[in-house]
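Work through the exercises below with the model open. Try each task before reading its solution.

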Amino acid sequence: MTITTARIASIVLGGCLVASAFSGPVFAVGDNSSTTPTCKKGEIYDQKTKKCVKQQSANVSDKNRADYAYSLAKAGRYEEALAVLDTVKDQHTAEVLNYRGYATRKLGRTDEGISYYLQSVKMDPQYAKVREYLGEAYVIKGQLDLAKDQLNTIKAICGTGCEEYQDLNAAILDPSKI
């Protein structure tokens, strides 16, 4: 093998490695507990097959769809997250309402987000994640007393060591962290 052939082969191999790094699903950023990858627009991650499939033809559960929507939202793809949530058959679960609240709040529609959070709280008062996000929405609105009420409720649910308590406490102390 000549030096030129070896150089060309190494360039081609390097290009293939780079291309393969960008061809699979991308994991959501932001939430350390989120392990659901995100796919390109129009696709959904199927937890059973562990791959991205066309959203319309996907035979995935409501929970799978809700989890995927949350991953999209955590990746900053809020409109897509809401579109996936629209495909969930049972719209009245604490998780779906919470994730819808999160995406709408992140789009700047804080009051709408709060309305979804409050519906979620009614369904599951012990759901610490919705309490955290509701508290963050109150911080955004400058209603620190209501945010602190949510912080105290989270403390009763999971203590001061849980992620939800720590994240909301940090947001109350420094609203720029939201």
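Buried means under 20% relative accessible area, exposed means over 50%, and partly exposed lies in between. Keep in mind that this is a predicted model.

**Exercise 1. Find how many of the 13 residues of helix 4 are buried, and what they pack against.**

Solution.
Step 1. Apply the cut-off: a residue under 20% is buried.
Step 2. Count along the helix. Eleven of the 13 residues of helix 4 are buried, so the helix is mostly covered.
Step 3. Name some of them. Among them are Ala94, Val96, Leu97, Tyr99, Arg100 and Tyr102.
Step 4. Look at the partners. The buried residues of helix 4 pack against helix 2, helix 3, helix 5 and helix 6.

**Exercise 2. Check whether the span of helix 4 agrees or disagrees with its number of residues.**

Solution.
Step 1. The expected span is 1.5 Å times one less than the number of residues.
Step 2. For the 13 residues of helix 4, this gives 18 Å.
Step 3. The end C-alpha atoms of helix 4 are 18 Å apart, which agrees.
Step 4. Go just past the helix. There, Gly108 takes a positive phi of about 95°.

**Exercise 3. Locate the largest nonpolar core and explain where it lies relative to domain 1 and domain 2.**

Solution.
Step 1. The core has 39 residues. Tyr68, Leu85 and Tyr117 touch the most other members.
Step 2. List the suppliers. Elements giving at least two residues each include strand 3 (43-46), helix 2 (62-74), helix 5 (110-123) and helix 8 (163-173).
Step 3. Domain 1 (38-91) and domain 2 (110-177) both give residues to this core, so it lies between them.
Step 4. Zoom in on Leu85. Beyond its neighbours within four places in sequence, Leu85 is in contact with Ala66, Ala69, Gln91, Val96, Tyr99 and Arg100.

**Exercise 4. Find the disulfides, then sort their cysteines into buried and partly exposed.**

Solution.
Step 1. The count comes to two disulfides. Counting bonded cysteines along the chain, the pattern is 1-2, 3-4.
Step 2. Cys39 and Cys52 form one disulfide, with sulfur atoms 2.0 Å apart. Their link is left-handed, with -85° about the S-S bond.
Step 3. This pair links distant parts of the chain, 13 residues apart. Cys39 sits in the loop between strand 2 (37-38) and strand 3, and Cys52 in strand 4.
Step 4. Cys158 and Cys162 form a disulfide too, with sulfur atoms 2.0 Å apart.
Step 5. Sort them. Cys39, at 3%, is buried. Cys162, at 12%, is buried. Cys52, at 22%, is partly exposed. Cys158, at 33%, is partly exposed.

Notes. Residues numbered from 1 in each chain as written. Predicted model: local features only at pLDDT ≥ 70, side-chain atom pairs only at ≥ 80, totals over all residues. Heavy atoms only, no water. Core = buried A, V, L, I, M, F, W, Y, C linked by side-chain atoms within 4.5 Å. Buried < 20%, exposed > 50% of the residue type's maximum accessible area, 1.4 Å probe, protein only. Helix = DSSP H or I, 4+ residues; strand = E, 2+ residues; numbered from the N terminus. Domains from an automatic or database assignment. Contact = heavy atoms within 4.5 Å. Disulfide = S-S within 2.5 Å.
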